[in-house]
Amino acid sequence: MALWARQASRWCHLLKAACAAEFRGRLRGCSSTAQACHGFSPRALLPSPNDVLPWRLQAYRHVSVGSCSPPDCAKDGSFSSPESNWPLPVKQEQTKPETLPDLNEKTLYEDWDDVPPSSALEEISEEEAVQIIAEPLLPLHSSTLRDYVDHSETLAKLVHLGVDLSQVEKRQKAGQLLLTLDFEKDIRKILLFLKDVGVEDDQLGPFLTKNPYILGEDLETLETRVAYLKSKKFGKAEIAQMVSRAPYLLLFSVERLDNRLGFFKKELGLSVKKTKDLVIRLPRLLTGKLEPVKENLQVCQIELGFQRNEIQQIVFKTPKILTASKKRLKQTFDYLHNIMGIPHHMLTRFPQVFNSKLLRIKERHMFLTFLGRAQYDPAQPSYISLDQLVSLPDEVFCTEIAKASIQDFEKFLKTL
C-alpha cells in the first residue's frame, strides 16, 4: 500500500508539472469530476507494485505528446482534483517533482552540434577527389631501413645526425632495435651521455653507425661502466679516446672489463701503469677476442724465438702485434731475420717494422743492396736503422738514406 501511494504521488506531480499552466485556469471553472484528460484515467494507469518502471514510461508518454487537456466543465459545475480522491497518506507525502528529459526525436536532432557523418558510398566531385592525398603504406616487411625513414621520426633524426643506416642494417637485429626506439624518450639521453663522456658532436653519427646497440642499453648501466674506468685511474680524456676508438667498449660489463685488464697484466707481466697505457693506445684489446692474442703470444715465443722480456717490450711498443695475422707476422720475421740478418735484439728495439708491408721492406732492402748501402749494424759506418728503412716517404728515403734520386728508385723497381 505504501509503494502504491508513493507511485501515485509521483504520477500526480509529473502530471502537474507537464500541464500546470493550462490546468490552473480550467480547474477553477470546472466542476465535473469526470475523467480529466479525454479518457485519461489516473487510477486506471496506477501501476501495480511489480510494474513500477513501465508505468512511469507510460505516464510520461501521455503527458509529453500534448494530447491531454482538461474538460470544459463537469456536470455539477465543479472539478474535483485527483488528489481529493486519493488516500490520506498520499496527501501527506510531499515529494519534489521529477523532471524528465524530452526525448522528442526532432528536438534531439536540433540540439546536436555535430553533423552526422557522411556515408562512405556518398558521391564526391572530381575537384574533391583530386584533393585527397593518400599516405604511402608502411611496409610490413623490408630488407632496408630506407623504406621506413619517411614514417619514422627516430630514423629521420638519426640520418640527420650522420648515422649511415645502410651500414646499420647489416648488423644483426640493429634495424629492428632502431624501429622500436623513440628519439626523445630513448635516444636523446644516450646522446647526451656520449657527449658527456667525450665523444665529439661530429663523431656521434659514425659512432652510432658502428655501435647502434648502445641505444638499447640502460643509462645507469653505462654510467656504472664509465665509473669503473675512472676507478682504475683512467682520466676523462683517456676514457674519451678509448670509447671513440673502440665503440663497443661500453657494451662490456664491469666484470668483463676487469678480467681483460687482469689478463694482459698477467700474461705480459706488465705493471699497472704499462697495462693502462697499452689499452689506451689499443682499446680494442678490451673488446676483441682473446684467442688470437694468445696464439700470437705463442708464435712470438715458440716459433719466432723471442724471450719473455723481449715480447713485453715488443708488445708495449707495438700493441697491434697482438692482433696481427699470424701468417703475416711469420713471413715478416722470416725476411727480416733470415734474409736481411736482423738479430732478435734489433727487432725488439724497432718492433714497428712488423706493422709495415712486407713488399715495402723487400723493395727498399733490395735497392739498398743494389747500391751497396744495406748496412743495419749500428756498430758499422753508414748504419741504417729499421725505423728509417720503413717509415720515411720514398723521396726522403732516396735522397737521405739511399743517396739516389726517386727516378733511379722507380727505374730499379721496374726491373724486378
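A residue is called buried here when its relative accessible area is under 20%, exposed when that area is over 50%, and partly exposed in between. The structure on display is a predicted model, and this tour visits its aromatic pairs, salt bridges, a charged patch and two loop residues.

**Aromatic rings**

Begin by selecting phenylalanine 367 and phenylalanine 412, both of which are buried. Display Phe370, Phe397 and Phe409 as well, since these three join Phe367 and Phe412 in one aromatic cluster.

The structure as a whole holds six aromatic pairs. One of them is formed by phenylalanine 306 and phenylalanine 333, in an edge-to-face arrangement with 5.7 Å from centre to centre and 65° between the planes. Phenylalanine 306 is found in the loop between H16 and helix H17 (308–317), whereas phenylalanine 333 belongs to helix H18, so this pair ties together parts that are 27 residues apart in sequence. Both phenylalanine 306 and phenylalanine 333 are buried.

Return now to the rings of phenylalanine 367 and phenylalanine 412: their centres are 5.4 Å apart and their planes stand at 50°, so the pair is tilted. Phenylalanine 367 lies in helix H20 and phenylalanine 412 in helix H23 (residues 406–415), so the contact ties together parts that are 45 residues apart in sequence.

**Salt bridges**

Across the whole structure, 10 salt bridges are found. Select glutamate 295 and lysine 326, a salt-bridged pair whose closest N and O atoms are 3.2 Å apart. Because glutamate 295 sits in helix H16 (residues 291–303) and lysine 326 in helix H18 (residues 326–339), the pair ties together parts that are 31 residues apart in sequence. Glutamate 295 is partly exposed at 36% relative accessibility, and lysine 326 is partly exposed with a relative accessible area of 36%.

Next, select glutamate 303 and lysine 330, whose side chains meet in a salt bridge at 3.4 Å, N to O. This pair links distant parts of the chain, with glutamate 303 in helix H16 and lysine 330 in helix H18, 27 residues apart. Glutamate 303 counts as partly exposed at 47%, as does lysine 330 at 34%.

Then highlight Glu153, Lys157, Glu184 and Arg188, which are joined into one network by salt bridges that share partners.

A further stop is lysine 195, which forms a salt bridge with aspartate 201; the closest N and O atoms are 3.4 Å apart. Lysine 195 is partly exposed, with a relative accessible area of 42%, and aspartate 201 is partly exposed at 47%.

**A negative patch**

Select Asp196, Asp218, Glu220 and Glu223 to see a negative surface patch. Within this group, glutamate 220 belongs to helix H12 (residues 219–231). Its relative accessibility is 58%, so glutamate 220 counts as exposed.

**Two loop residues**

Most residues other than glycine have a negative phi. Lysine 173 is not a glycine, yet its phi is positive, at about 65°. This residue is located in the loop between helix H8 (165–168) and helix H9 (174–179). Lysine 173 counts as exposed, because its relative accessibility is 58%.

The final selection is serine 382, another residue that is not a glycine but has a positive phi, of about 60°. Serine 382 lies in the loop between helix H20 (358–371) and helix H21 (386–391).

Terms used: Residues are numbered from 1 along each chain as its sequence is written. This is a predicted model: local features need pLDDT of at least 70, side-chain atom pairs count only at pLDDT 80 or more; totals for chains, interfaces and linings use all residues. Side-chain values use heavy atoms; hydrogens and water are left out. Patches are made of residues with over 30% relative accessible area and no salt bridge: like charges are joined within 9 Å, nonpolar side chains (Val, Leu, Ile, Met, Phe, Trp, Tyr) within 5 Å. Accessible areas come from the Shrake-Rupley method with a 1.4 Å probe; for residues, only the protein chains shown count as cover. A salt bridge is a side-chain nitrogen of Lys or Arg within 4 Å of a carboxyl oxygen of Asp or Glu. Lys and Arg count as positive and Asp and Glu as negative; His and the chain ends are not counted. The place of a charge is taken as NZ of Lys, CZ of Arg, CG of Asp or CD of Glu. Helices (H or I, at least four residues) and strands (E, at least two) are DSSP runs, numbered from the N terminus. Buried means under 20% relative accessible area, exposed over 50%, partly exposed in between (1.4 Å probe, protein chains only). Rings of Phe, Tyr and Trp (its six-membered ring) pair if their centres lie within 6.5 Å; planes under 30 degrees apart count as stacked, over 60 as edge-to-face and the rest as tilted.
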